[in-house]
Amino acid sequence: MGQKKFNLNPNTQIYACPKCGQNTEFVAHSMQVAEDCCDIWIKCKCGYDPTAEQTGSRMEDVWGTLDKENILCSLDCCWNELIISNFPIT
Ligand SMILES: [Zn+2]
């Protein structure tokens with residue numbers, strides 16, 4: 001539950017935020033959405049949230065724990081996926 005700031009090392013795996021252009025400082029969010037289900041998603045430090053209008057794309061987890069594994073998984077399946085589909089590289 002809640003949120004957790006985290007920093008990544010400089011990398012090329014995570015897409016840069018379309019708003020501010022950085023890809024190392026993010027905030028992971030977790031919210032309970034059902035009795036046995038939580039949503040986990042990633043926001044940029046500038047506040048940009050690619051799942052804001054596509055909450056169905058948030059990662060589901062029973063406990064919603066913001067541990068390293070869930071954060072990395074969410075970066076991959078929420079952040080990267082949505083940046084690609086919303087801002088196709090031309
Ligand atoms: Zn940003």
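At which residue does α1 bend, and by about how many degrees? In this predicted model, the bend of α1 is found at L75 and amounts to about 35 degrees.

**Helix α1.** Begin by selecting residues 68-86, the 19 residues that form helix α1. At 1.5 Å a residue, a helix of this number of residues should span 27 Å; the C-alpha atoms at the two ends are 26 Å apart, which agrees with that expectation.

**The buried residues of the helix.** Next, display the side chains of I71, S74, L75, C78, W79 and L82, which are the buried residues of α1. L75, the site of the bend, therefore also belongs to this buried set.

**What covers them.** Keep those residues visible and add the strands β1 (2-7), β2 (25-34), β3 (37-44) and β4 (59-61). These four strands are among the elements that cover the buried residues of α1.

**An exposed position.** Return to helix α1 and select E69, which lies within it. Is E69 buried or exposed? E69 has 10 C-beta neighbours inside 10 Å and therefore counts as exposed. For a distance along the chain, select I83 as well: its C-alpha atom is separated from that of E69 by 20 Å, with the two residues 14 apart in the chain.

**Strand β1 and its partner.** Finally, select β1, a strand of 6 residues. The number of its residues that are buried is 0, so β1 lies largely in the open. Now show β2 beside β1: the two strands run antiparallel and are joined by 6 bridges. To inspect one pairing, select K5 together with V27, its bridge partner in β2.

How values were computed:
Residues numbered from 1 in each chain as written. Predicted model: local features only at pLDDT ≥ 70, side-chain atom pairs only at ≥ 80, totals over all residues. Expected span 1.5 Å × (residues − 1). Bend = angle between axes of the 7 residues up to and from the residue. Buried ≥ 20, exposed ≤ 12 C-beta atoms within 10 Å, placed from the backbone. Contact = placed C-beta atoms within 7 Å. Pairing = 2+ DSSP bridges.
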